[in-house]
Amino acid sequence: MKNNKYFIIITVFISLFLSFFIELFVFNHKVINYNRKYNAEIIATKDIKKIKNGYKTTSEESYIKIKIENQYVHKLQFNYDFEKDINWNIEYIDGDKNIQNIDLISSNLINKAIKKLDINSSNIKIKFHNKNIIIKNIEINNKIQWNILRIFVLTILLTLLMILIKYKIYFITNLSRTFFIISIICGSLFIFVSPKCVYNSWDDQIHLKNSYAFTKSDSIGHSKSFSIVLLQNKITNSSFQTTEEIIELYDQLNKIDHNTSMKIQINNYSPKYNRIVYIPFYIGMRLGKLLNLDFIICLIFGKLLNLLVYSLIIFFAIKYNKTTEKFIFVIGLLISNIFLATNFSYDSTITAAILLSIASFISMLESKKINKKDILVFTLSIIWASLPKAIYCPLLLLILFLPNEKFASKKNAISVKLWILIITLLLLSTFVLPMIIGGVGGDIRGGNTNASEQLHYIIHKPFSYIKLLIKFYISNGFNLFLGPNTLCGVAYTQIYINIFQNFIYMVSLIFCLYVIFSSNLNTKIISKKIKGLFSILYIVISLLISTAMYLSFTEVYSNSIQGVQARYFLPILLLLFLILTPVSNNNKQNKKNNEFLIIIISYMLLAILISLFMYYGRGV
Amino acid sequence: MKKYVNKILIVALILLGILIIFTLVFPKDKFSSTSFENKDRGILKKLYNGDSVIQTFYSDNNYNAIGIAFANYGEFLEKGQIEITIETINHKNIRDYKIDVFNIIDNDIYYINYNFKKNEQYKLVLNIKNNIYPLTIYTTDAKIKNAELKVNDKIKKSNLFLSFMYRDKDYFNIWYYLFFMAIICLYLCLNRGEEK
């Protein structure tokens, strides 16, 4: 016990030291030789009026020329005051005596421009394209900046890696706990290094609004911060180029959050059953509000609670069944799933619930007699996943293929299967009920879409539609089932990993294929019949996904299907794994000796992702 | 203990059955919406202080609210109001509204309560006041009966993409009751299987 304590303490210190080293020589290597911040010396101006403590532009072609010491600028910063966003640019002469221009925007939400330039020049001209901008405190910042959060994140990542290696026997034999630890730690670190607001993940601004208005139907009181966060152009544009500007933005959002007198309409009178998936976000944000925490922290709380729920469900899914534990471990820690679990998206809990349901189904296949717990876990998980997205409810029909001998009696088997079938039909009815009973809102995002006309086309020209489906899946199938967006999709934050995305994807793909083909399933449990069943279900759900998008998101009579995204196939990825995994006649279970490799590779992919976000991103 | 649980669940089943009948006989009201056909969706020009938009249209039902799809070019509109007047074409039932622009969400529909009568022609007038940043309204090129759009007194080919809310009977709770009944029946079957 004492040795373990000493090991952890020493590991933390080593990690801390290495983190400081990385912080200095990786993130601050450009300024090591300078390490100075100074007021810029103004050598020329045009259409600039000197005022108390600053300057004011008097035309749309004003400029200030400043001298650069040591001919290097890491960051240029100044304070400004203007009622709108300001457009400005920097002109300088580079080493080859060419005139270079950098166009910049600064938001009126903050009053500080801190732009990373990394240019070598003896002077630069700062040109403003707006009249009446007040400018103060122009500084050149070539100082080493110790980012405490980054050091903290690196320390944790390195410490966890060393602990995983040192105590590998424990982690191998407790795969569910290992998953939970890695998921919570890496997921939380990922939340800290990512942009804190929305427009990171697909439709996350809609999910934020729905989570915020969880219990409301007509309107909600909200603050200015909330309105601003929903505005894509305000939050995601290049007005916030550096970490410092992002932090200024968050500080400003926190300051203006106190007044909740604004009211926005929700007008969501549609049935509430599909809102249950927002419960973790709602509770997280409410908890933050209750504790009187800042606006941004409340958003983080919402994401953290969703991550916790996701991790807990998968923890139980791994624990549930030995046959699927490795597969669920790998799928649960895929970059796409961790990304979705740490953003305003309900896809992650849907995926987790379906993984749990498939684990319980395999458990039922393995048992001589199925118990109440297995059926309830199976049914309730699929219900959780299907209420927001009814396309996954056909998974319930797996129960119909269980032999009656596994139930208490034939009569009992028939009644249970009948009720499951009724529940499936009720869930499937949620496809059509909204069209029949009507809702409120209207989606103005769509173009010339018309679900009933589209349905009419499918019914009257089924062969054309089948041909369209086949063509669609031939061109897009692999990308959707095992493509980059399935295994390592990070939506709109992809720019942070662009350079390495192909590498990350290849490693993820090879890793998943390795896990599949190095495993072995018992043919008595996963028989050809069961594999066939999984294949049919996989195809049916895929067709439902594409048909739902064809009806609701594609222009009428179009010869392609719009809106089908790889993340819709994440919940059924385990089915694909089970279909592809080889089976054997003997009782040989999954190999145990590659579990450490699986843990380390899953962990390293997440660590690489977090590191890339720290280096290229703007969240830290 | 299990017997008590089973009895409670049977009582719950009966209660849910009663609720289904109650909902069928005494349904609550809810709001549903309909809108103009969304064809070749576009937007008006940028609207600034002093701009006015007039849309005439025919009400084909007894609607309770009208929705206008605003967009604000991704800006936070802190200052500005939209003065709205709704009246029949022969200047009856005039109602005025004032919306603060900061309550408008980009690319979303804003609803105003007004009781429209079936088969009446109406006029919707919007006047933009005091805004710094522009806003706009979504339009549709679909043919709308008896509809005409004017922006600053100039007739436009398209019409505003309008949405309308109306009261409807809410029977959806029946789905919830049936759903819970199915889950309870499943649970009772499983309990019976366990007893065997």
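Okay, let's start right in the middle of a sheet: in chain A, T45(A) has I64(A) in β5(A) as its bridge partner. Strands here, by the way, are DSSP E runs of at least two residues, helices are H or I runs of at least four, and both are numbered from the N terminus.

Before I go on, the housekeeping. This is a predicted model, where local features need pLDDT of at least 70 and side-chain atom pairs count only at pLDDT 80 or more, while totals for chains, interfaces and linings use all residues. Residues are numbered from 1 along each chain as its sequence is written, chains are lettered from A and ligands numbered from 1 in the order in which they are written, and side-chain values use heavy atoms, with hydrogens and water left out.

Back to that sheet. It's an open one with five strands, antiparallel pairing, in the order β2-β5-β10-β7-β8 of chain A. At the edges sit β2 (41–46) and β8 (99–106) of chain A, each pairing on one side only. From one strand to the next, the twist averages 20°; the axes are lines fitted to C-alpha atoms, for helices over the stretch in contact, with angles from 0 to 180 degrees between N-to-C directions.

Now walk across it. β2(A) and β5 (residues 62–67) of chain A run antiparallel and share five bridges; for two strands to count as paired, DSSP has to find at least two bridges. Then β5(A) goes on to β10 (residues 123–128) of chain A, antiparallel, with six bridges, and there K65(A) stands opposite K125(A). On to β7 (residues 86–93) of chain A, which pairs antiparallel with β10(A) over five bridges, with I90(A) opposite I126(A).

Chain B has its own open sheet, with six strands and antiparallel pairing, ordered β6-β5-β8-β3-β10-β11. Here β6 (95–100) and β11 (154–156) of chain B each have a single partner strand, so one side of each lacks a neighbour in the sheet. Neighbouring strands are turned by 20° against each other on average, direction ignored. Inside it, β3 (residues 52–59) and β10 (residues 148–151) of chain B run antiparallel, joined by four bridges, and Q55(B) faces L149(B) across that pair.

Next, a helix: α14 (residues 372–386) of chain A. How far apart are its end C-alpha atoms? They are 21 Å apart, which agrees with the 21 Å that its 15 residues should span at 1.5 Å a residue; the expected span is 1.5 Å times one less than the number of residues. Eleven of those 15 residues are buried, so α14(A) is largely enclosed by the rest of the structure. Buried means under 20% relative accessible area, with exposed over 50% and partly exposed in between (1.4 Å probe, protein chains only). Among the buried ones are I375(A), L376(A), F378(A), I382(A) and I383(A), but also K372(A) and D374(A). At the helix start, a side-chain oxygen of N371(A) comes to within 3.1 Å of the backbone nitrogen of K373(A).

Last stop, empty space. The second largest pocket holds about 710 Å³, and of its 28 lining residues, K75(A), K116(A), R150(A), T243(A) and Y615(A) are closest to the centre.

There are also four cavities of 30 Å³ or more in the whole structure, and the largest has a volume of about 90 Å³. Which residues lie nearest the centre of that largest cavity? Of the 13 lining it, they're S227(A), L231(A), N72(B), I104(B) and I105(B). For the terms: on a 1 Å grid over the protein atoms alone, a cavity is a set of points where a 1.4 Å probe fits but cannot get out, a pocket is an open set with protein on both sides within 12 Å along at least five of seven lines, and lining residues have an atom within 4 Å of a point. Grid points are joined across faces, edges and corners, and a volume is the space filled by probe spheres set on the points.

Note on methods
Polar contact = N/O pair within 3.5 Å; in protein donor to acceptor, adjacent residues only side chain to side chain.
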